[in-house]
2 protein chains.
Amino acid sequence: MMTIQWVALDWGTTNLNAYAIGERGQILDRVHNAQGMSRLEPREFEPALLHAIGPWLDEDRIMPVLACGMVGAQQGWLEVPYSETPCLPVSPETAVSVPVNDRRLAVRIVPGVCQRQPNDVMRGEETQIAGYLAQHPDFDGVFCLPGTHSKWVQIVNGEIRSFTTFMTGELFGLLTQHSVLRFCTKDPGWDDAAFLEAVETAMSDPGGLAAKLFSMRSCALLSGTPSETLRAHLSGLLIGSEIAAMRKMWRASDVVIIGDRENARLYQSALASFDITPLIYDDAQAIIQGLRSVAMAAIHAAEPA
Amino acid sequence: MMTIQWVALDWGTTNLNAYAIGERGQILDRVHNAQGMSRLEPREFEPALLHAIGPWLDEDRIMPVLACGMVGAQQGWLEVPYSETPCLPVSPETAVSVPVNDRRLAVRIVPGVCQRQPNDVMRGEETQIAGYLAQHPDFDGVFCLPGTHSKWVQIVNGEIRSFTTFMTGELFGLLTQHSVLRFCTKDPGWDDAAFLEAVETAMSDPGGLAAKLFSMRSCALLSGTPSETLRAHLSGLLIGSEIAAMRKMWRASDVVIIGDRENARLYQSALASFDITPLIYDDAQAIIQGLRSVAMAAIHAAEPA
């Protein structure tokens, strides 16, 4: 078996993703489970981590575990103070060691980034951005990171200059699961044309979202519009509102989307209708590349002089 | 005891409101409970009604019960087809009789109103509008009916010309109860200045609502903004987005708000910051006055020739 050199840990509100990384940076193994921080008390974090990555540990060796995400938030394992914009997305020296009981573990959490004017916060996305920049150090432009809380991040000279977070994914979940629209959007399925049409609607008139939402219910009642059309329409309205608000950013800069395949595809097709061709970068790869420099610094610091 | 001439019944998704009306139109008694249509099977409607108004019934007399609201919807007691715009808000001849088992009851449901371009629906609000118009037959202008699904309705020559529904109240409920914002908006309390400031923010830039929402979370985390401020801010953002979208309507017309005291006050103060002074009309009074003409027609039709 090949030696695991370090562990990359993406630990968020709802999920834990761990990657066993080999000496040439390759992924040797991975673990995914639903032991997110929202389900854990502070004292349960170390046992949950051991449960996930125990098989990767050796008795006679300390494994560097580099973590990012909500694990460093107030309700996480250990609160790690934010870096403040403008700043590098990730600096190895700002990672914070977590006190652990198991001697085989050396856990460090990477800080999130905050912005003061206007107030905004991220935990995890800074690491993904660092991952892309590690491979493309000269990139100046805009990152779009779709998700529960989508982020648009402007990079100038390798630093995060400013960013904006949208509750887009969370709104989609609330509306399809808890609102009056749950009846008319409940069936899975998709309608690409309805998605793009709704993006266009939201772009040409970004206000009055609450009316556009209720209109979906009326279309189901009066015209029998099917669930797959309305589901795609809802997604298009929300994503369209988001990219409308970010128009100045993507019109003036190169855009890189970091996200899961499904979300990235949607944002890419929405932007493509305005002749923007964003590049897509895999989100897991971004995490690993983003934590890599921090892992290397930790490993070198631990080596005998 | 004074004779109850008829019963006005406002039966919605979550509540039942019944009013015992005397011969001079006065309210002799009222019942309010949570037996809304979302909690009832079709066969349970008549028992629920008898439970609520049983004490008002006589053995030797048939009581006219005039109903409006979601009781006439597909998931209600009996589906009553919509009237279609442009139309009178309520016409006595379109009320539909409900088959009942109890000989003391004569129940009729008033139709809701639908609009085809664009699709929109109402059930209950048409009756409130009819109530105001019964007392002010020459009114031309705009009604604002705040609530779970707020409506703005344009009246021309006594008819509903067009209307728009906003999910404003439902969004407020979803966000304060189910979203990441529930933590920072959970305490009751209110901040009028924060409300009006957020209305102004939404009016001057109606797009990007999902970013303005997440910003509240960041303000709580980074600046310790208190719950009462953020709760009022959220309400102001949502109501401000709504009145921004209806700007053309309220700028050009007289505005009457029909709603409960708390909601009516909020919309009134939001509009007042743009030098609009809407009139407020009580929502219960609106229901009773709106059903009155239908009740009178039913009573006259039942009289011996």
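Rotate chain A by 180 degrees, with 0.0 Å of shift along the axis, and it superposes on chain B with an RMSD of 0.1 Å. That is the relation of a two-fold axis. To find the axis from chain A, go to Gly207(A): its C-alpha is the nearest in that chain, 2.5 Å away. The two copies use the same surface on each other, with 100% of the contact residues of chain A recurring in chain B. Keep in mind that all of this comes from a predicted model.

Now for the interface itself. How many residues of each chain take part? There are 37 residues of chain A in contact with 37 residues of chain B. On the chain A side, strand 8 (113-116), strand 9 (119-122), strand 12 (159-166), helix 3 (168-178), helix 5 and helix 6 (227-245) each supply at least two residues. Helix 5 of chain A gives the most, with 11 residues. Sorted by class, the side of chain A that touches chain B has 20 nonpolar, 13 polar and 4 charged residues.

Helix 5 of chain A deserves a longer look. This helix covers residues 209-223, and it lies across strand 8 and strand 9 of chain B, running at about 90 degrees to strand 9. Its length can be checked with simple arithmetic: at 1.5 Å a residue, its 15 residues should span 21 Å, and the end C-alpha atoms are 20 Å apart, which agrees. Is helix 5 of chain A mostly covered or mostly open? Mostly covered, since 11 of its 15 residues are buried, where buried takes 20 or more other C-beta atoms within 10 Å. The buried set runs without a break from Leu209(A) through Ala210(A), Ala211(A), Lys212(A), Leu213(A), Phe214(A), Ser215(A), Met216(A), Arg217(A) and Ser218(A), and also takes in Ala220(A). Just past the end of the helix, Gly224(A) takes a positive phi of about 65 degrees.

Cross over to chain B to see what helix 5 of chain A lies on. Strand 8 and strand 9 of chain B belong to an open sheet of 3 strands, in the order 5-8-9 and with mixed pairing. Strand 5 (83-84) and strand 9 (119-122) stand at the edges with a single partner strand each, so one side of each is left without a neighbour in the sheet. Strand 5 pairs with strand 8 of chain B in the parallel sense over 2 bridges, and Glu84(B) has Cys114(B) as its bridge partner there.

The loop between strand 8 and strand 9 of chain B holds Pro118(B), and the peptide bond joining Gln117(B) to Pro118(B) is cis, with omega about -5 degrees. Chain A has a cis bond from Gln117(A) to Pro118(A), with omega near -10 degrees; Pro118(A) sits in the loop between strand 8 and strand 9 of chain A.

Another piece of chain B to visit is the loop between strand 5 and strand 6 (96-98), where Val90(B) lies. Val90(B) counts as buried because it has 27 C-beta neighbours inside 10 Å. Leaving aside neighbours within four places in sequence, Val90(B) is in contact with Val110(B), Glu126(B), Thr127(B), Ala130(B), Gly290(B) and Val294(B). How far is Val90(B) from Gly207(B)? Their C-alpha atoms are separated by 36 Å, and the two residues are 117 apart along the chain.

Back in chain A, helix 2 (residues 125-135) is mostly covered too, with 9 of its 11 residues buried. Among them are Glu126(A), Thr127(A) and Ala130(A).

Strand 7 (residues 105-109) of chain A has partners of both kinds. With strand 4 (residues 63-68) it pairs in the parallel sense over 5 bridges, and Val65(A) is bridged to Val107(A). With strand 6 (residues 96-98) the pairing is antiparallel, over 3 bridges, and here Val98(A) stands opposite Val107(A). A hairpin of 6 residues joins strand 6 to strand 7.

Finally, two loop residues of chain A have backbone angles to check. Asn157(A), in the loop between strand 11 (150-156) and strand 12, has a positive phi near 50 degrees without being a glycine. Asn157(A) counts as exposed, with 9 C-beta neighbours inside 10 Å. Asp275(A), in the loop between helix 8 (261-272) and strand 14 (279-282), has a positive phi of about 60 degrees and is not a glycine either. Asp275(A) is exposed, with 7 other C-beta atoms within 10 Å.

How values were computed: Residues are numbered from 1 along each chain as its sequence is written. Chains are lettered from A and ligands numbered from 1 in the order in which they are written. This is a predicted model: local features need pLDDT of at least 70, side-chain atom pairs count only at pLDDT 80 or more; totals for chains, interfaces and linings use all residues. Copies are superposed by least squares on the C-alpha atoms of residues with pLDDT of at least 70 in both. Two residues are in contact if their C-beta atoms, placed from the backbone, lie within 7 Å. Two strands pair if DSSP finds at least two bridges between them. Helices (H or I, at least four residues) and strands (E, at least two) are DSSP runs, numbered from the N terminus. Axes are lines fitted to C-alpha atoms, for helices over the stretch in contact, and angles run from 0 to 180 degrees between N-to-C directions. Ala, Val, Leu, Ile, Met, Phe, Trp, Tyr, Cys and Pro count as nonpolar, Asp, Glu, Lys and Arg as charged, and the others, Gly among them, as polar. The expected span of a helix is 1.5 Å times one less than its number of residues. A residue is buried if 20 or more other C-beta atoms lie within 10 Å of its own, exposed if 12 or fewer, and partly exposed in between; C-beta atoms are placed from the backbone.
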